Amino acid sequence: CSDQRAPAEESGPHGPAARRRRGKLEAAAEESLRGTLGGGLGDVPHELLLDHGAFSTRLLDAAQRCAIDLIVLGTHGWQGVRKLLKGSTAEQIARLATRPVLTVGPKVTCSWDLRHILYETDFSPAAAQALPYAMSVAHAFNATLSLLHVNEWRSKESPIKAAPTTSQFFHEQMLRLGYDAAASNFELMVEYGTRDQCTLEAAAKREADLIVMGLNCSKALKARIAAHLPGSSDYAIVSEARCPVLTVPYTG
């Protein structure tokens, strides 16, 4: 045997040895994916990406590089001390992403059969950004759309007084987006309480298959801190919902 070292071009990050290792890793990942999905991806066009480094950073870089339209994630939905220590990668990605993120929480039990969609709004620019997505998905799947506005406890306006204002807002927004509010299949709701609790209750009562809401984008440091802190109503909805949650980023 020889103790001579392999040439740099063979042992380097782009050499034959490295390519063989990447090939084996990709094959193992593909096999694992087939096992997870049962029948695999079949005839669905797909590309397997293999990367190294911080998961959230590499995933968002890949989404940008590949011009991805939608990021799909799962989350453990950790709360309390566990979230403080481990953090939530899904929440960090959702807050950093500049494209919609579909998050599937640990309590999701429904199949991907979109019959009823719940859109939640506080009339903020972030919420307004999400309305076209809710309308488009509802039309594409011929699904019923429920529009929910939650008057938080600190509000002095009762749901009865808020209902006309809310209705006018939604009709104006639909007109701006080119939808005929009179012909659209939607239900308008105004609830009074905490945002996360009211949203979860409305979704459960109407057996929603998808929740759509806006989310303000954060800077990297702020997103990392938020991923470890309790108290976010957005994260509470994602963690407790029995259906997937689509968050639409607002970067304004």
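The following exchange between a trainee and a mentor walks through charges, helices and loops in a predicted model.

Trainee: How many salt bridges does a search of the whole structure find?
Mentor: The model is predicted, and side-chain atom pairs count only at pLDDT 80 or more. With that in mind, a search of the whole structure gives a total of nine.

Trainee: Which residue forms a salt bridge with D61, and how are the two placed in their helix?
Mentor: Both residues belong to helix α3, which covers residues 55-65, and because they are three residues apart there, about one helical turn separates them. In general, an α-helix has 3.6 residues a turn, so residues three or four places apart point the same way. D61 is partly exposed at 33% relative accessibility, and its partner is partly exposed at 27%. The closest N and O atoms of the pair are 2.8 Å apart, and the partner of D61 is R58.

Trainee: How many residues apart are R115 and D209, which link distant parts of the chain?
Mentor: These two form a salt bridge whose closest N and O atoms are 3.8 Å apart. R115 sits in the loop between β2 (101-104) and β3 (116-121), whereas D209 sits in the loop between α8 (195-205) and β6 (210-216), and the separation along the chain is 94 residues.

Trainee: Is D209 buried or exposed?
Mentor: Its partner R115 has a relative accessible area of 53% and is exposed. A residue counts as buried under 20%, and because D209 has a relative accessible area of 3%, D209 is buried.

Trainee: Where does the salt-bridge partner of E187 lie?
Mentor: The side chain of E187 meets that of R206 in a salt bridge, at 3.0 Å from N to O. This pair also links distant parts of the chain, 19 residues apart, with E187 in strand β5 (residues 186-192) and R206 in the loop between α8 and β6.

Trainee: Which residues are joined into one network by salt bridges that share partners?
Mentor: Here the salt bridges are linked through partners that they share, rather than standing as a pair. The network consists of E91, R95, E120, R195 and D234.

Trainee: Which residues gather in a patch of positive charge on the surface?
Mentor: One of them is R21, which lies in helix α2, residues 16-37, and which is partly exposed with a relative accessible area of 49%. The patch as a whole is made of R19, R20, R21, R22 and K24.

Trainee: What area does the nonpolar surface patch made by L70, V72 and V104 have?
Mentor: One member, L70, is placed in the loop between α3 and β1 (71-74), and L70 is partly exposed at 39% relative accessibility. Together, L70, V72 and V104 make a patch of about 220 Å².

Trainee: How far does helix α6 reach from its first C-alpha to its last?
Mentor: Helix α6 runs over residues 125-140, which is 16 residues, and at 1.5 Å a residue a reach of 22 Å is expected. Its buried residues include L131, M135 and V137. The reach in the model is close to the expected one, at 24 Å.

Trainee: What is the phi of A67?
Mentor: In general, most residues other than glycine have a negative phi. A67, in the loop between α3 and β1, is exposed with a relative accessible area of 52%. E207, in the loop between α8 and β6, has a positive phi near 50 degrees. For A67 the phi is also positive, near 55 degrees.

Methods:
Residues numbered from 1 in each chain as written. Predicted model: local features only at pLDDT ≥ 70, side-chain atom pairs only at ≥ 80, totals over all residues. Heavy atoms only, no water. Patch = residues over 30% accessible without salt bridge, like charges linked within 9 Å, V, L, I, M, F, W, Y side chains within 5 Å. Areas by Shrake-Rupley, 256 points an atom, 1.4 Å probe, with all protein chains shown as cover. Salt bridge = Lys/Arg side-chain N within 4 Å of Asp/Glu carboxyl O. Lys, Arg positive; Asp, Glu negative; His and termini not counted. Charge placed at Lys NZ, Arg CZ, Asp CG, Glu CD. Helix = DSSP H or I, 4+ residues; strand = E, 2+ residues; numbered from the N terminus. Buried < 20%, exposed > 50% of the residue type's maximum accessible area, 1.4 Å probe, protein only. Expected span 1.5 Å × (residues − 1).
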